[in-house]
Amino acid sequence: MTTDTPSFSPGLEGVPIAESSISRVDGQAGRLTYRGYSIEDLTQHGTTFEEIVALLYDGDLPGKARLAEVRQQLEAARALTPRQIEFARSAASLTHPMFALQAATAVLGPTVNDFEPHVDDAYDRGMALIAKVGHLVGVIAQAVAGRPYEGPRPGESHAHMMLRMITGEEPSALHEEVLNYLLILQADHSAGNAGTFTARVVTSTKAEPESVISSAIGALSGPAHGGANEHSLRLFQSIGDPAKAQTEIERLLNDRYKIPGFGHRVYHVKDPRAIVIQRLASQVIVHQREKDLYQIALTVEAVATEKMGSRGLFPNVDLFSGCVFAALDIPIDFFTLIFAASRTAGWVVHLKEQWASGNRIFRPTQIYTGEDQRVFAPLDAR
Ligand SMILES: CC(C)(COP(=O)(O)OP(=O)(O)OC[C@H]1O[C@@H](n2cnc3c(N)ncnc32)[C@H](O)[C@@H]1OP(=O)(O)O)[C@@H](O)C(=O)NCCC(=O)NCCS
């Protein structure tokens with residue numbers, strides 16, 4: 001039987017929105033690859049975020065010369081003008097740091113709104129966004145902590161710059177390495193997630209790259225998406241005592257509360273990023289405070305998996321990431337900003353891919369359910 005009404009897929013579940021060769025999510029096998037390399041392999045051997053930027057951009061792992069070039073390019077592109085810094089600090093005093101980042105990223109854009117003639121600049125504009133968004137996270141953290149602006153240092157890696165600016169402390173080599181791995185783990189996750197889909201939709205209108213990334217940051221902020229890392233740690237903090245975790249999680253599940261850090265649209269096994277993050281947790285969690293939070297996360301995993309594993313619901317990336325961010329002394333309000341800084345690498349490469357694929361504007365349809373052909377009555381007659 002044929003019908004004029006297209007079938008409706010809520011949340012566009014199962015609807016491909018792009019052809020992409022950047023990353024692949026295999027939700028049945030629990031596998032995530034960037035350009036064919038598994039995230040397990042990419043988070044060993046001291047691999048840096050800069051290497052992954054090169055991998056995502058070029059499609060291949062960089063050699064030493066190419067890596068030096070990308071490092072140099074990111075370092076050169078980090079600079080913010082005094083007014084951009086002032087704007088970001090001022091936004092940080094008005095709103096949640098994530099919204100301040102969204103606003104401060106938007107104002108990196110040019111005064112002329114006409115990207116199409118400049119599309120060949122996408123490579124440089126993308127690199128600049130990766131560099132500047134990471135820098136802005138540090139600027140906003142300094143403002144929230146009431147510290148004066150102290151910018152990037154020459155020769156400093158992206159992870160070192162972010163960690164130093166966010167915490168106000170000189171990071172240890174271990175903490176820098178772990179932040180590199182966290183940045184790598186969150187750098188891309190196919191075209192289908194809400195943030196990257198948003199980036200693709202905004203790109204399709206031929207908008208400026210800064211506007212694309214700012215919009216994607218807004219999508220990422222939600223608790224059903226990137227905001228879940230902040231929400232999960234807040235939940236663990238509110239439970240407080242690992243001994244109370246089981247009863248509390250059972251109560252929440254009985255109340256049909258959606259446990260942050262649990263469940264995924266695509267993964268129906270444990271999220272492979274969660275497994276890597278647990279490896280990192282075992283390296284950096286030393287203080288009792290984070291040990292307790294991590295123990296609560298493990299109890300959440302056990303109780304929720306027992307109840308919902310048979311329905312294909314398992315821990316996602318955000319169940320354990322907050323405990324690791326906390327162990328790096330990153331304030332809870334900044335977890336999602338780090339995710340955004342990392343995912344900017346994926347977003348700008350999707351922007352480039354979207355343009356290279358012909359960039360047809362997204363224009364899905366709807367199934368209209370409202371009234372039709374009503375008789376209009378002027379205001380006096382109503
Ligand atoms: C990620 C998420 C949005 C996926 O959503 P989805 O594929 O649309 O699945 P739904 O929200 O429709 O949930 C399907 C069922 O599983 C349940 N469920 C999903 N995630 C759950 C969670 N975290 N805790 C408890 N129940 C959950 C829903 O209540 C629903 O049950 P029902 O069929 O009895 O109504 C969802 O799992 C969620 O909100 N998780 C918590 C937030 C989070 O961690 N987000 C980060 C993702 S990386």
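**Why these residues get their labels**

Author: Let's start with Q278, which sits in helix α13, residues 272–284. Bear in mind that this is a predicted model.

Reader: Fine. Why is Q278 called buried?

Author: Its relative accessibility is 16%. Buried means under 20%, so with 16% Q278 gets that label.

Reader: And which residues does Q278 touch, once those up to four places away in sequence are left out?

Author: There are K270, Y294, L298, E301 and F320. What earns them the word "contact" is having heavy atoms within 4.5 Å.

Reader: Let's try E290. Where is E290, and what makes it buried or exposed?

Author: Helix α14, residues 288–308, is where you'll find E290. A relative accessible area of 2% is under the 20% limit, so E290 is buried. Outside the four-place window, E290 touches I285, C323, A326 and A327. There's also a C-alpha distance for E290 and Q237: 9.8 Å, with their positions 53 residues apart along the chain.

Reader: What about A245: why does A245 count as buried?

Author: That one's easy: A245 has 0% relative accessibility, and the cut-off is under 20%, so buried it is. A245 belongs to helix α12, residues 242–254. Neighbours within four places aside, A245 is in contact with I239, I296 and T299.

Reader: How far apart are the C-alpha atoms of A245 and G59?

Author: They're 44 Å apart, for two residues 186 apart along the chain. G59 comes just after α2 and takes a positive phi of about 90°.

Reader: What makes you call α2 mostly covered?

Author: The count does it. Helix α2 spans residues 49–58, and nine of its ten residues are buried. The buried ones are F49, E50, E51, I52, V53, A54, L55, L56 and Y57.

Reader: Which residues other than glycine have a positive phi?

Author: D329 and N359 are two of them. Phi of D329 is near 65°, and N359 has about 50°. D329 lies in the loop between α15 (318–327) and α16, while N359 is in the segment after α16.

Reader: Why is D329 called partly exposed?

Author: At 48%, D329 isn't under the 20% needed for buried and isn't over the 50% needed for exposed, so it lands in between. N359 has 5%, which is under 20%, so N359 counts as buried.

Reader: Which residue of helix α9 has N359 among its contacts?

Author: T203. It lies in helix α9, and beyond its sequence neighbours T203 is in contact with V212, L351, Q354, W355 and N359. T203 is buried too, because its relative accessible area is 1%, under the 20% mark.

Reader: Now P364. What makes P364 buried or exposed?

Author: Its relative accessible area is 51%. Exposed means over 50%, so P364 is exposed. P364 is in the segment after α16. From P364 to E69 it's 40 Å, C-alpha to C-alpha, with the two positions 295 residues apart in sequence.

Reader: Which residues lie nearest the centre of the second largest pocket?

Author: P364 again, together with L12, V15, I17 and F362; the lining has 25 residues. Two elements give two or more residues to that lining: α9 (194–204) and α16 (335–356). The lining divides into twelve nonpolar, eight polar and five charged residues. About 490 Å³ of space lies in this pocket.

Reader: Last topic, the ligand. What makes the pair between the ligand and the backbone of A224 a polar contact?

Author: The cut-off is 3.5 Å between N or O atoms. A nitrogen atom of the ligand is 3.1 Å from a polar backbone atom of A224, so the pair qualifies.

Reader: Which backbone atoms of G261 and F262 would pass that test, and at what distances?

Author: In G261, a polar backbone atom is 2.7 Å from an oxygen atom of the ligand. In F262, a backbone N or O atom lies 2.8 Å from a ligand nitrogen. Both values are within 3.5 Å, so they count as polar contacts. G261 and F262 also come nearest the ligand along with K258, I259 and R265, out of 20 residues around it.

Methods. Residues numbered from 1 in each chain as written. Predicted model: local features only at pLDDT ≥ 70, side-chain atom pairs only at ≥ 80, totals over all residues. Heavy atoms only, no water. Helix = DSSP H or I, 4+ residues; strand = E, 2+ residues; numbered from the N terminus. Buried < 20%, exposed > 50% of the residue type's maximum accessible area, 1.4 Å probe, protein only. 1 Å grid on protein atoms, 1.4 Å probe; cavity = no way out; pocket = protein on both sides within 12 Å on 5 of 7 lines; lining within 4 Å. Points joined across faces, edges and corners; volume = space filled by probe spheres on them. Nonpolar A, V, L, I, M, F, W, Y, C, P; charged D, E, K, R; others polar. Near = heavy atom within 4 Å. Polar contact = N/O pair within 3.5 Å; in protein donor to acceptor, adjacent residues only side chain to side chain.
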